[in-house]
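Please open the model in the viewer and display the backbone together with the side chains. The tour below proceeds from one selection to the next.

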Amino acid sequence: MEPHAAGTPAVDHRVDAPSGRGSRGPSAVAGLVAAGVTLGAAHLTAALLEPRGTPLTAVGDAFVDLTPAWLKDLAIAAFGVADKVALLVGMVVVLGLAAAGLGVLARTRPGLARAGVLAIGLLGAAAAVTRPSAGPLAAVPSLVGAAAGLLALGRLVGLAAGRTRGSAGPAVPTGPDRRAFLGAAALTAAAAVLAGAAGSAVGSLGRTVDAARTALRLPRPARPAAPVPAAASVAVPGVGPLVTPADAFFRIDTALTVPRVDPATWELRVHGLVEQEVRLPFDELLASRLVEAHVTLACVSNPVGGDLIGNARWLGLPVRELLARARPLADADMVLSTSADGFTASTPLEVLTDDRDALLAVGMNGEPLPLQHGFPVRMVVPGLYGFVSATKWVVDLEVTRFADAQAYWTVRGWSERGPVKTSSRIEAPRPGARVAAGRVAVGGTAWAQHTGIAGVEVQVDDGPWRAADLAAPISVDTWRQWSWTWDATPGEHVLRVRATDTTGRTQTEERQDVVPDGATGWHEVRVSVDA
Ligand SMILES: Nc1nc2c(c(=O)[nH]1)N[C@H]1C(S)=C(S)[C@@H](COP(=O)(O)O)O[C@H]1N2
Ligand SMILES: [Mo]
């Protein structure tokens, strides 16, 4: 019982006088340390029991998936890697503030503080069990964490307040002992860090999957990609590589932590509107007739002039061969692909059954897929933005109808279909560059996947459009480099680019945002030319 609960005097003596409750600082520290204990214990339990139960990532992932009111911002958050770090940091800050608050609250309202810790534990548990492919076991780490946190909070707040336990009977106020408190807090914090580190060390699933990737030897393609002609690259300094190295390839997905999918247990299920359900284990996929192709993958969130686009050599099984085994029914018009982490994409059936290199890919630039690019298996479909086609960590293909099913981004305000829009960008000179008057090498890339680029034009200020030189194509499924020599005159200038595809359509000047189906508009770059 708190004797002053009613009729507390206006002056708060607790701040200065040791009154059996300690000051706020140590209590806040007690709350923070208890939060650390909660996370450490949960992390270790998750590593031992069920990795999908790690509360911070489960809550973060649920947050990414569930916030419907912030449609656009959410999309940007999910579409950017830096924003993931921001979300995690934000969650830690919120948790830290809540923990410090609960610590302070525990001095005067211990029951309420305990309820708060429990509520946080339940939140983590609820987020974890509702993650795709997670079972009820995923709740355990958060609950164990909350229990450990409660214990730590009780003991530390007691010490901060100077309550020591008598050999029998209730806690006795003796006045705070800072050294005893700080010692206990430091020890508990160290234990929490140790538990967390141990959790990371035993992260058994992570290790298995890393080892499986390292040990994997990709089969030779039955049909190798044609060699890239030397004439496909322009000799303009500042224009990026024609084939993007895997470690420089943009990464976009909704996963806060990279899903770890073990190829030993991986299996792709093809079902829905099919005559024959098909299950494809990884060994069987590797033993199939794999082909290799260069395909340029672009994100629908790529702004005009942006770099959410890359070109790689992919090794995989044509999706049409798998669909031929399943035999789609006549009324089907879409394939909904699902990843191990619950992302879905809606791809038109016709695009997956025509003769293009729509692949169930296992290799990228001659190596097994990097974990963050979808190991062990992802889809790559020439001509479509990634959000409607390029499902990473893919585990399920449901043959269905656009009228019957919607994909992850479609229910969040994006288009159900996403053909790539013909686009081009200037890579050299860079925006804001200073160049010397005279001949200036201008260059960049243009793309219209599965249609092909027929021409690129460049404009200086409001002058006439001039045809750029096109480098040799790799194929219609890849981007194409271009170059143009500019006779630059002193002063400030704007360079503009536009591409025309093989259907004769020229990029529209009209500016459109990335939502719902990709940006439009001409890329322009401002340059200062010195005399
Ligand atoms: N599982 C999963 N696959 C996914 C996504 C995702 O969020 N989850 N994002 C898609 C989007 S929007 C794009 S642009 C591409 C990006 O592929 P990359 O990260 O290999 O460049 O992956 C697609 N596949
Ligand atoms: Mo994307």
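Select P376 first, which in this predicted model lies in the loop between β10 (367–368) and β11 (378–380). With F375 added to the selection, the bond between F375 and P376 can be inspected: it is a cis peptide bond, and its omega is about 5 degrees.

Next, move to P429. This proline is placed in the loop that runs between β13 (423–428) and β14 (434–436). Display A428 as well, since the peptide bond joining A428 and P429 is cis, with omega at about -5 degrees.

The next two stops concern the backbone angle phi. Select R327, located in the loop between α10 (319–326) and β7 (334–339). The phi of R327 is near 55 degrees, a positive value in a residue other than glycine. Is R327 buried, partly exposed or exposed? Its relative accessible area is 39%; because buried means under 20% and exposed over 50%, R327 counts as partly exposed.

Finally, select H450. Which loop holds this residue? H450 is in the loop between β15 (438–447) and β16 (453–460). Here, too, the residue is not glycine and phi is positive, with a value near 70 degrees for H450. A surface display can be added at this point: H450 has 26% relative accessibility and is therefore classed as partly exposed.

Terms used. Residues are numbered from 1 along each chain as its sequence is written. Chains are lettered from A and ligands numbered from 1 in the order in which they are written. This is a predicted model: local features need pLDDT of at least 70, side-chain atom pairs count only at pLDDT 80 or more; totals for chains, interfaces and linings use all residues. Side-chain values use heavy atoms; hydrogens and water are left out. Helices (H or I, at least four residues) and strands (E, at least two) are DSSP runs, numbered from the N terminus. Buried means under 20% relative accessible area, exposed over 50%, partly exposed in between (1.4 Å probe, protein chains only).
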